Amino acid sequence: MLKTKLNVLTLRKEPLPTVIFHEPEAIELCTTTPLMKTRAHAGCKVTYLGKVSTTGMQFLSGCTEKPVIELWKKHTLAREDVYPANALLEIRPFQVWLHHLDLKGEATVHMDTFQVARIAYCTADHNVSPNIFAWVYREINDDLSYQMDCHAVECESKLEAKKLAHAMMEAFKKTFHSMKSDGRIHRNSSSEEMSHEFESDDG
């Protein structure tokens, strides 16, 4: 009986070296393709115009016009040094990612992250250019104070700018419902009231 048990244990141990020494090669070959895919980012290629501080607490239609004009003037003066697309804007349910591109048009490790819950206003309706999409973001400083910054990007077309505005509105709605279910927003608040400022770009 003892001899039989020893044979069983020996048979179970014999295949192990084969698995240990040969399996890593197969795993390495299989993971090369997924790693290549993770480098690609979904989003819209844009030219990031920069940001400028803005004042006020109530943001109504036209509130981004002045800061956008300021950013647009700076952009046109330095147009020779700016490439057609220097960033990739990716709008997600709870965050907005701005991937900065290198001279070859590939995403770099540098990325700006914006929390959707801290975006006070966004629009794609600007007189200076219909291709500009802008948003007002509440930036929190190290001393816990905050400032309102207007960020702007130039899209390839007016349609792309409109798509970004609608994508931002959908992201805000998802963020709002998540915060409401977590109890971070009063129950008597409605998504229509909170997202009213996002709906001024339907034109």
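Modeller: Before we start, one term: buried means under 20% relative accessible area, and exposed means over 50%. Also, this is a predicted model.

Biologist: Got it. Which residues of helix 3 are called buried?

Modeller: In helix 3, Glu65, Pro67, Val68, Leu71, Trp72 and His75 are the buried ones. The helix covers residues 65-77, which makes 13 residues.

Biologist: What makes you say that these buried residues line one face of the helix?

Modeller: Look down the axis of helix 3: its buried residues fall within an arc of 160 degrees, so they line one face. In general, an α-helix has 3.6 residues a turn, so residues three or four places apart point the same way.

Biologist: And which residues are exposed on the other side of helix 3?

Modeller: There you'll find Lys66, Lys73, Lys74 and Leu77.

Biologist: What covers the buried residues of helix 3?

Modeller: The cover includes strand 1, strand 6 and strand 7, the last of these being residues 146-154.

Biologist: How far does helix 3 reach, and what span is expected?

Modeller: From first C-alpha to last, helix 3 reaches 18 Å, close to the 18 Å expected at 1.5 Å a residue.

Biologist: On to the cysteines. Why are Cys44 and Cys155 not called a disulfide?

Modeller: A disulfide needs two cysteine sulfur atoms within 2.5 Å. The sulfur of Cys44 has its closest cysteine sulfur in Cys155, at 4.9 Å, so that is too far for a bond. By this rule, the count of disulfides is zero.

Biologist: Are those two cysteines buried or exposed?

Modeller: Cys44 has a relative accessible area of 11% and Cys155 has 4%. The cut-off for buried is under 20%, so Cys44 is buried, and so is Cys155.

Biologist: Why is Asp102 called partly exposed, then?

Modeller: Its relative accessibility is 30%, and partly exposed is what lies between the 20% and 50% limits. You can find Asp102 in the loop between strand 3 and strand 4. Its C-alpha is 8.5 Å from that of Ala87, 15 residues apart along the chain.

Biologist: Which residues touch the most other members in the largest nonpolar core?

Modeller: Val46, Leu89, Phe133, Trp135, Val153 and Leu164 do, in a core of 25 residues. Strand 1, strand 2, strand 3, strand 5, strand 6 and helix 4 each supply at least two of its residues. Helix 4 gives the largest share, seven residues. There's also a second, separate core of nine residues, with Val52, Val68, Leu71 and Ala134 among them.

Biologist: What does Phe133 touch, leaving out residues up to four places away in sequence?

Modeller: Its contacts include Leu89, Cys155, Leu164 and Met168.

Biologist: Where is Gly43, and what does Gly43 touch?

Modeller: Gly43 sits in the loop between helix 2 and strand 1. Not counting residues up to four places away in sequence, Gly43 touches Leu88, Leu89 and Glu90. Gly43 and Leu88 are 45 residues apart in sequence, yet 5.9 Å apart in space, C-alpha to C-alpha.

Biologist: Last one: where is the predictor's confidence under 50?

Modeller: pLDDT stays under 50 over residues 4-39, where the model has two contacts beyond four places in sequence. Residues 199-203 are also below 50, though that stretch has 15 contacts beyond near neighbours in sequence. For the protein, the mean pLDDT is 75, with 66% of residues at 70 or more.

Note on methods. Residues numbered from 1 in each chain as written. Predicted model: local features only at pLDDT ≥ 70, side-chain atom pairs only at ≥ 80, totals over all residues. Heavy atoms only, no water. Core = buried A, V, L, I, M, F, W, Y, C linked by side-chain atoms within 4.5 Å. Buried < 20%, exposed > 50% of the residue type's maximum accessible area, 1.4 Å probe, protein only. Helix = DSSP H or I, 4+ residues; strand = E, 2+ residues; numbered from the N terminus. Contact = heavy atoms within 4.5 Å. Expected span 1.5 Å × (residues − 1). Arc of directions from axis to C-beta. pLDDT = per-residue confidence, 0-100.
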